[in-house]
Each structure stands twice: as C-alpha cells, then as structure tokens.
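Visitor: I would like a close look at one part of this model, with its surroundings described before the part itself. Please keep to what can be checked against the picture.

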Amino acid sequence: MKKEVLILLTLCAGISLQAQEESREADSLRHAFGRQQVQNLAQKSTPYADTLDTGNPGVKVVLYNNGTYRYVKDPTLVAVDSVFTECWDTRAVNPYKEEPDPIPDRFSIWVVDTLDSYTCPYVVHPRSLFGYRHGRRHQGIDLPYPTGTPVAVAFDGKVRISDYVGGYGNLVVVRHANGLETFYGHLSKRNVESGDWVSAGDIIGLGGSTGRSTGPHLHFEVRYRGAAMDPAWLIDFETGTLRHRLIKIRSWYFNPNQRYVQNIDDEDEIFRTDEEDRLLAEEQAKKEAAARAAAEAAAMRYHTVRSGDTLSGIAKKYKTSVRELCRLNNIKETTVLQVGKRLRVR
C-alpha cells in the first residue's frame, strides 16, 4: 500500500508541476486557450478515502473509494482568501456600492482551471435576455425552469446570500474564487445557507416562481464587484457549453445595452481601446465613402452633344429632367450646347 501511495504521490507531483507550467503560459496562449470551449464537467459525488499533500501547500489530492483522485484547493487557505472576506454581506444584493474603485477598462478572469469545475445550471433556450425589458434593467437571463426541478450551482464557491429578497423571491448568491458571483432567483426552495461551501453541480435549490415572476423560471445572473454582465458571455445555455476557460473582459460588458456578440473572428476586436475604436471607425467611414463614390462613378452615363440636340430632347431620351441635367453638369437651362461636348445624364 505504501508503495502504491508513493507512486501516486510521484504522479501527482509531476502533474502539479505541469499544471503550474500551463498556468504560467496562459497569457501567451490566450487566443487559442481562452476561446477554447469547455464541456460540462459535473460528476456524481463519490465518497473519498484519503487526502494527500502535494508540492503546493494550497493544493491537495483527494483519493476516492472508486480508485480515482482529484486535485482540490486546500479549504483552510481558500476560506481566508480576501475574495471571501472583503465586502461580504449576507443581505445586500450589491455589497460593493461603497467601493470607490471603478472596474478596469479590461482585465482577465480564469473561469475554470485544473482545480475548478463547471456545471451548466440548465440546458435550455433562454426566454428573456440580458438588457432592458419593459423600460427596466434586466440584470440576467431567464431560463424556463419547471417548479421543483433541482438547480445546480455553476462553479465552485461560497454561498453569500440564501434568503427571500424582494423581486428575486427565494435567492441564492454564490461568490467564486475569481471574484465573480452567480445569482439564482425565483426558487421554490433553498437547500443551502449563507456561508456554505459548494462545488459545481451541487443542488442549491429547486426551481419555482417566487418574487416578481410571471411563471416558473430560473433567473440567472453573473456579476463582478456588483456589476452585472450578460451571462451569455460565459455560457451557451442551448448546449450547456462554457465558452471560455480564461475570459478577457471589457468594462462595456457591464453596459445593459451590451449583449453577447456571436461569431467574433478575432478576440482583439473586443479588447480595443477607445482611441483604437475611434481610429478604426474613421478608417471604416473613409472606406464606405470611397465605396459609395466608386458605385456612383460606375453608375455615371454621358451623352456627346450632336448637331440639333437640345436639353429637353436629351432629357427625354435618357428619361430624366432638364433640371437634373443642369444640376449634374452645373449649367443653366439657357446654356447653348456645343457640339462634341459630353454631358452627364446619370
């Protein structure tokens, strides 16, 4: 048995070093890795047999009774992390209102890594999207959700709110180690309490229609430091797929008029500065003006004046008016036409 444990520890240490190396290279791989899709990682819970240390004091190896193992963060260290202590309020929907620091123009967040998992709360076509609805801000999306259906938490984290909160009805808010918070509203029942630690896939409640609701559905929000963003930036609810392991966020994601943009060919298009946006807009305007000029030039037609031609006769031939001919050629109706002169007629 000791020999088997030693072999497993050696294997775990090697994998741990590899995971650390991958993390250091993450920024250089942000285009390929950050846009990589991640499948639903929910697994059934299995009783564990033992916990082993690794070379990293913040990481443990959990051995399960079925012969599998998994890396997990040391809960004693995670519990004192500032993300789970600062601005921690078990009642306020937005505990960051008094924070003076604005959200950065752009920043990166690891959504999941080798130590964090993910579960799609519900695979379904969203019914009501992020943005304004009936003149009111809709901070998340609504997922059709039959009453009594189990609601799974999307990511590992700690329950900040589990309470009946106004229009949300029965609400569970979970804060995650990356600073994001996910909201689960209109529940018929809450299965967790404030302060509980949860893993992706854990059932935190049952679907319902409590609070300001017109029927059974799950109201799902994603917030960062109190500011809501379109959850579709993170999750494709129609397939259950997580869109990013590493997401690059711009401050305008939190504008209620900004929804998820599909089929972005180049991630850099999202992360331009305002000055770059202005210069690109000017360049685009020049291209559009040139295109219009080219199209207009291609549509131009001319008539060479012959003996006996009159403006009225030419206008009739090309199905236009004398006034239009004068405008196009900057002449007057009394102008004497010269034989051989080219007149623009279109």
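What percentage of the 346 residues of the protein count as buried? With that as background, please take me through strand 15: which way do its side chains point, and what stands opposite G185?

Guide: Of the 346 residues, 40% count as buried. The model is predicted, and its mean pLDDT is 78, with 75% of the residues at 70 or more. The stretch to set aside is residues 1-44, where the pLDDT is below 50. That stretch still has 62 contacts in the model beyond near neighbours in sequence. Where pLDDT is low, the predicted coordinates should not be read in detail.

The secondary structure comes to six helices and 21 strands. Among contacts with a separation of 6 or more, 63% are between residues 24 or more positions apart. The accessible surface is about 19700 Å², and carbon and sulfur atoms hold 50% of it.

Now to the part you asked about. Strand 15 covers residues 217-224. Eight of its eight residues are buried, so the strand is largely enclosed by the rest of the structure. Its side chains fall into two sets. H217, H219, E221 and R223 point one way, while L218, F220, V222 and Y224 point the other way. The residues of both sets are buried, each with under 20% relative accessible area.

Several strands pair with strand 15, and strand 11 is one of them. Strands 11 and 15 run antiparallel and are joined by six bridges. Within this pairing, H219 of strand 15 is the residue opposite G185, and E221 of strand 15 has F183 opposite. Strand 11, residues 180-187, is itself mostly covered, with eight of its eight residues buried.

Strand 7, made up of residues 141-144, is another partner of strand 15. These two strands are also antiparallel, with four bridges between them. Here P144 has H217 of strand 15 as its bridge partner.

A further partner follows along the chain. Strand 16, residues 227-229, is joined to strand 15 by three bridges in the antiparallel sense. R223 stands opposite A228 of strand 16. The two strands form a hairpin with two residues between them, and R225 there takes a positive phi near 50 degrees.

From strand 11 the pairing can be followed to strand 10, residues 169-175, which is antiparallel to strand 11 over five bridges. V172 is the residue opposite Y184 of strand 11. Strands 10 and 11 also form a hairpin, with four residues between the strands. In that turn G179 has a positive phi of about 95 degrees.

Y184 brings us back to strand 15 by another route. Ring pairs link Y184, F220 and F237 into a cluster. F220 is one of the buried residues of strand 15, on the side shared by L218, V222 and Y224.

That cluster belongs to a wider set of aromatic contacts, since the structure holds 10 aromatic pairs. In one of them, the rings of W252 and Y253 have centres 5.0 Å apart and planes at 70 degrees; angles over 60 count as edge-to-face, so this pair is edge-to-face. The two residues differ in cover: W252 is partly exposed, at 26% relative accessible area, whereas Y253 is buried, at 1%. Charged side chains also sit over rings. K158 lies over the face of W88, 4.9 Å from the ring centre, and R342 lies over the face of Y302 at 4.3 Å.

For contrast with the enclosed strand 15, there is an open sheet of three strands in the order 8-14-12, paired antiparallel. Strand 8 (150-152) and strand 12 (189-190) are its edges, each with a single partner, so one side of each has no neighbour in the sheet. Strand 14, residues 203-206, pairs with strand 8 over three bridges, and G205 of strand 14 is the bridge partner of V151.

How values were computed:
Residues are numbered from 1 along each chain as its sequence is written. This is a predicted model: local features need pLDDT of at least 70, side-chain atom pairs count only at pLDDT 80 or more; totals for chains, interfaces and linings use all residues. Side-chain values use heavy atoms; hydrogens and water are left out. Rings of Phe, Tyr and Trp (its six-membered ring) pair if their centres lie within 6.5 Å; planes under 30 degrees apart count as stacked, over 60 as edge-to-face and the rest as tilted. Buried means under 20% relative accessible area, exposed over 50%, partly exposed in between (1.4 Å probe, protein chains only). A charge sits over a ring if NZ of Lys or CZ of Arg is within 6 Å of the ring centre and within 35 degrees of the ring normal. pLDDT is the predictor's confidence in each residue, from 0 to 100. Contact means heavy atoms within 4.5 Å. Accessible areas come from the Shrake-Rupley method with a 1.4 Å probe; for residues, only the protein chains shown count as cover. Two strands pair if DSSP finds at least two bridges between them.
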